[in-house]
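Please find below my comments on this structure, set out as numbered points. They deal with the sheets, the hairpins, a helix contact and the empty spaces.

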Amino acid sequence: MKKEVVIVGAGPSGLAISACLKLLSIPHIILEREDCSASLWKKKAYDRLNIHLAKQFCHLPHMPHPPSTPTFITKNHFINYLDNYVSHFRLSPMCCRSVESATFDETTGTWLIVAKNTNSGEVEEYNARFLIVTTGENSKAFVPDVPGLDAFSGEVLHSSEYKSGKKYNGKSVLVVGSGNSGMEIALDLSNYGAKTSVVIRSPLHVLSREIVQLGMTMLKYLPLSMVDSMVSMVAKLKYGDMSKYGLCKPTKGPFYLKATTGRSPVIDVGTMNKIKSGEIQVLPALTQIKGDEAVFADGKLHQFDSIIFATGYRSTAKDWVKDEDYLLGKDGMPKEKYPNHWKGKNGLYCAGLSRRGLAGVAEDAQNIADDINRIFNDTKVKFPQL
């Protein structure tokens with residue numbers, strides 16, 4: 001089946017590009033392996049999840065949040081926003097299509113995309129001049145290899161399987177991972193009465209949602225280094241010295257690290273108070289498991305009923321994009337740094353892989369749609385009618 005543009009993935013990135021292409025009257029299809037769009041948000045997000053960036057930094061192209069929307073958006077509110085986005089632009093993802101391979105044919109100058117229809121079991125083939133990878137940074141859950149983990153006598157799960165701390169009341173639970181998901185899950189567990197511990201291995205910045213909002217607004221007008229100094233000072237006034245609780249600060253500022261490495265600061269919604277009060281225990285790196293006990297870098301052992309790995313995800317793009325080594329590295333992430341990360345060769349693009357959140361998704365989508373439109377205008381080729 002011949003198509004001008006094939007988008008793989010119907011998360012926010014795929015939907016954003018589809019909307020931008022549609023406004024330019026560029027025909028395209030979206031292939032999605034799950035049975036719905038935005039499946040990560042709808043199926044693999046814990047109940048209390050909120051978007052901790054202000055709404056003006058968290059919308060897709062051509063559809064900002066209305067004034068009545070709260071400044072900080074809940075999971076369900078954002079899911080409704082995405083469903084409304086699909087309806088508003090009349091987007092039509094082809095669900096239950098698991099892409100198995102995408103190979104560029106030098107002879108025809110097109111991409112051959114092979115997908116399995118998981119409903120019918122049939123294999124479908126698509127030829128496209130342009131291929132856009134929008135399967136995201138969070139395509140596959142990652143759990144580190146911890147010696148003895150297979151023999152752990154308690155429960156082990158990834159944060160993508162966690163929904164609520166309700167069933168953990170009175171249980172001893174270890175959260176491995178101190179990013180935003182790990183910290184918020186630790187808070188949720190503690191709120192439900194779990195004896196909660198969290199592993200913090202690396203230095204990290206802790207900011208409130210309001211401090212982040214202030215910093216992102218100031219970045220429009222002030223140098224990054226000045227903003228980092230100011231928000232770090234405000235954070236110190238708010239939280240004090242957290243090193244005595246096991247949290248050390250990096251030497252570089254929070255917005256510098258986000259811009260250069262993609263690492264986000266921890267956006268605190270109550271976890272720090274729980275750590276200060278001792279309701280959440282901070283532990284060093286997890287080194288091995290012995291039965292129902294975990295061994296840590298300081299040599300101490302602690303017993304747990306459950307271990308939750310909030311250790312992130314991995315991109316799976318390189319599993320199915322074949323014989324391509326210009327745009328994506330072995331880890332499935334762009335080789336080039338922002339802002340030159342989104343365009344490859346032979347009509348290959350990627351979106352949502354810049355580690356810049358929904359604002360980065362929106363920027364990628366518009367860049368890609370505009371580039372494809374420019375190519376067609378330059379070659380004076382008319383698109384077939386939608």
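**Notes on the model**

1. Strand β8 (residues 172–176) and strand β9 (residues 195–199) run parallel and are paired over 5 bridges, where helices (H or I, at least four residues) and strands (E, at least two) are DSSP runs numbered from the N terminus, and two strands pair if DSSP finds at least two bridges between them. Within this pair, Ser 172 stands opposite Lys 195 in β9. On the sheet that holds these strands packs α4, which touches β8, β9, β12 and β16 (306–309), and the direction of α4 makes about 170 degrees with that of β8; contact here means heavy atoms within 4.5 Å, and axes are lines fitted to C-alpha atoms, for helices over the stretch in contact, with angles running from 0 to 180 degrees between N-to-C directions.

2. On the basis of the coordinates, this is a predicted model, in which local features need pLDDT of at least 70 and side-chain atom pairs count only at pLDDT 80 or more, while totals for chains, interfaces and linings use all residues. Residues are numbered from 1 along each chain as its sequence is written, and side-chain values use heavy atoms, with hydrogens and water left out.

3. The open sheet of 5 strands has parallel pairing and the order β7-β16-β8-β9-β12. Its edges are taken by β7 (155–158) and β12 (280–283), each of which has a single partner strand, so one side of each is left without a neighbour in the sheet. On average, and with direction ignored, neighbouring strands of this sheet are turned by 20 degrees against each other.

4. A further open sheet, of 3 strands, is antiparallel in its pairing and follows the order β13-β14-β15. Its edge strands are β13 (286–290) and β15 (301–303), each pairing on one side only, and the average turn between neighbouring strands is 30 degrees, direction ignored. Between β13 and strand β14 (residues 293–296) there are 4 bridges in the antiparallel sense, and Leu 286 has Phe 296 in β14 as its bridge partner.

5. Which residue takes a positive phi in the hairpin of β3 and β4? Strand β3 (residues 97–105) pairs with strand β4 (residues 110–117) in the antiparallel sense over 8 bridges, with Arg 97 opposite Asn 117 in β4. The hairpin has 4 residues between the strands, and Gly 109 is the residue with a positive phi, near 70 degrees. The strands β4 and β5 are likewise joined in an antiparallel run, by 6 bridges, with Lys 116 opposite Val 123 in β5; their hairpin has 5 residues between the strands, and in it Gly 121 takes a positive phi near 85 degrees.

6. Strand β5 (residues 123–133) also pairs in the parallel sense with strand β1 (residues 2–8), over 6 bridges, and Val 133 in β5 is the bridge partner of Val 8. With strand β18 (residues 348–350), β5 forms a parallel pairing over 3 bridges, where Val 133 stands opposite Cys 350.

7. For the helix contact, the axes of α1 (residues 12–23) and α10 (residues 357–379) come within 8 Å and cross at roughly 40 degrees. The crossing is right-handed, a term used if the near helix is turned clockwise from the far one by less than a right angle. Pro 12, Ser 13, Ala 16, Ile 17, Cys 20 and Leu 21 in α1 meet residues of α10 including Leu 358, Val 361 and Ala 365. By class, the residues of this contact are 11 nonpolar, 2 polar and no charged, with Ala, Val, Leu, Ile, Met, Phe, Trp, Tyr, Cys and Pro counted as nonpolar, Asp, Glu, Lys and Arg as charged, and the others, Gly among them, as polar.

8. As to enclosed space, the count comes to 1 cavity of 30 Å³ or more, a cavity being a set of points, on a 1 Å grid over the protein atoms alone, where a 1.4 Å probe fits but cannot get out, with lining residues having an atom within 4 Å of a point. The largest cavity holds about 50 Å³, a volume being the space filled by probe spheres set on the points, which are joined across faces, edges and corners. Its lining includes His 52, Asn 180, Glu 184 and Asp 268, and α4 (180–191) and β11 (266–268) are the elements that give two or more residues to it. The lining has 4 nonpolar, 3 polar and 2 charged residues.

How values were computed: 1 Å grid on protein atoms, 1.4 Å probe; cavity = no way out; pocket = protein on both sides within 12 Å on 5 of 7 lines; lining within 4 Å.
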